[in-house]
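Reader: I am new to reading protein models, and I would like to understand how each label is justified. Could you take me through this one slowly, setting each value against its criterion?

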Amino acid sequence: MVKALLVDDEKRMLDLLALYLRPHNYICKKAISAKEALSFLKEETFDIVLIDIMMPEMNGWELCQEIRKDSDIPIIMVTAREQKEDIIKGLKLGADDYVTKPFDEAELLARIEAVLRRMKPARRVEVNGLLWNEDEFELSYKNNTIKLTPKEFTMLGYFMRKPNQVFTREQLIELIWGYDSHTEGRTVDSHVRNMRDKIRQSGFPIDDYLKTVWGVGYKWVNKSSL
């Protein structure tokens, strides 16, 4: 399932997009304004965002800029503005693709799938000798295996693949335990604590990289960013 955030000030267009996407295993959340979209992005995790440009208060270009300040989530502009200058502007502001209205349903789906393929997260991440390998479901430091539980391994993968991104406890619960889970924030804290202890025992300086954002959650900071 792909979770998509649809942003347009016309309810009819939001309904049409959802009608096209839902039969193809997309979960669609509708935002009637840029401000509502930003609120949803703070509370939930999405795989892709589809944005209209011409909206009151904050337009799609401004929304794209706001999202790009702290996220690399895929963005597709879906708009009636088809001038070459508008397309270039959208791409330069951080959009991954640009679809003009009226659009063909099959083309829209193909473009979304193409963007998602390009943005597919890395399956191997290495930081200063610490290797997270999704293909072998193994974490190692200097070729020595570190035994993590499946949830600890998955959580660490999110951190290492998204350096500098803050993950709230609520986002981690949704990503790892599921949207309908009754897991509480202290369970996330317990998993992070156990994971840190195991990695620290291997000799890797985990506390230099995995940081607590007090009152919010956690983030991974590569040493070049410190």
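Reader: What is the bridge partner of N133 in β8?

Author: In this predicted model, N133 has E138 of β8 as its bridge partner. What makes β7 and β8 a pair is that two strands count as paired when there are at least two bridges between them, and 4 bridges join β7 to β8, which run antiparallel. The hairpin of these strands has 4 residues between them, and F137 takes a positive phi there, near 50 degrees.

Reader: How do you know that β6 and β7 pair, and in which sense do they run?

Author: The requirement is at least two bridges, and β6 and β7 are joined by 4 bridges, so the requirement is met, and they run antiparallel. One of the contacts across this pairing is the bridge between V127 and L130 of β7. The two strands form a hairpin with 2 residues between them, and N128, in the turn, has a positive phi of about 50 degrees.

Reader: What makes both faces of β7 count as covered?

Author: L130 and W132 lie on one side of β7 and L131 and N133 on the other, and all four are buried, where buried stands for a relative accessible area under 20%.

Reader: Which strands are the edge strands of the open sheet, and why are they called that?

Author: The open sheet has 3 strands in the order β10-β12-β11, with antiparallel pairing. Its edge strands are β10 (167-168) and β11 (210-213), and each of them pairs on one side only. β10 and β12 pair over 2 bridges, which just reaches the required at least two, so the two strands count as paired. In that pairing T168 stands opposite G217 of β12. On the other side 4 bridges join β11 to β12, where T212 has Y218 as its bridge partner and K211 has K219. The hairpin of β11 and β12 has 3 residues between the strands, and G215 takes a positive phi near 80 degrees.

Reader: What is the size of the largest nonpolar core, and which residues have the most contacts inside it?

Author: The largest nonpolar core has 27 residues, and those with the most contacts inside it are L130, L139, L156, F159, I199 and W220. At least two residues of this core come from each of β6, β7, β8, α6, α7, α8 and β12, and the largest share, 5 residues, comes from α6. I199 touches L130, L139, I146, L156, F204 and I206, leaving aside residues up to four places away in sequence. There is also a second, separate core of 22 residues, which includes A37, I75, M77 and Y98.

Reader: How do you know that the buried residues of α8 line one face of the helix?

Author: The buried residues in α8 are V188, H191, V192, M195, R196 and I199. Seen down the helix axis, the buried residues of α8 fall within an arc of 135 degrees, so they line one face. The face turned away from the buried side of α8 carries the exposed residues R186 and Q201. The length of α8 can be checked too, because its 17 residues, at 1.5 Å a residue, should span 24 Å, and the end C-alpha atoms are 25 Å apart, which agrees. After α8 comes G203, with a positive phi near 105 degrees.

Reader: Why is C28 called buried, and why is it in no disulfide?

Author: C28 has a relative accessibility of 12%, which is under the 20% limit, so C28 counts as buried. For a disulfide, two cysteine sulfur atoms must lie within 2.5 Å, but the nearest cysteine sulfur to that of C28 belongs to C64 and is 19 Å away, so C28 is in no disulfide. C64 is likewise in no disulfide, and C64 is buried, at 0% relative accessible area. The structure holds 0 disulfides.

Reader: Which peptide bond is cis, and where does its proline lie?

Author: The bond that joins K101 and P102 is cis, with omega at about -5 degrees. P102 lies in the loop between β5 (97-100) and α5 (105-118).

Reader: What is notable in the phi of N25?

Author: N25 has a positive phi, about 65 degrees, although N25 is not a glycine. N25 lies in the loop between α1 (11-21) and β2 (26-31).

How values were computed:
Residues are numbered from 1 along each chain as its sequence is written. This is a predicted model: local features need pLDDT of at least 70, side-chain atom pairs count only at pLDDT 80 or more; totals for chains, interfaces and linings use all residues. Side-chain values use heavy atoms; hydrogens and water are left out. A nonpolar core is a set of buried Ala, Val, Leu, Ile, Met, Phe, Trp, Tyr and Cys residues joined through side-chain atoms within 4.5 Å. Buried means under 20% relative accessible area, exposed over 50%, partly exposed in between (1.4 Å probe, protein chains only). Contact means heavy atoms within 4.5 Å. The expected span of a helix is 1.5 Å times one less than its number of residues. The arc is that of the directions from the helix axis to the C-beta atoms.
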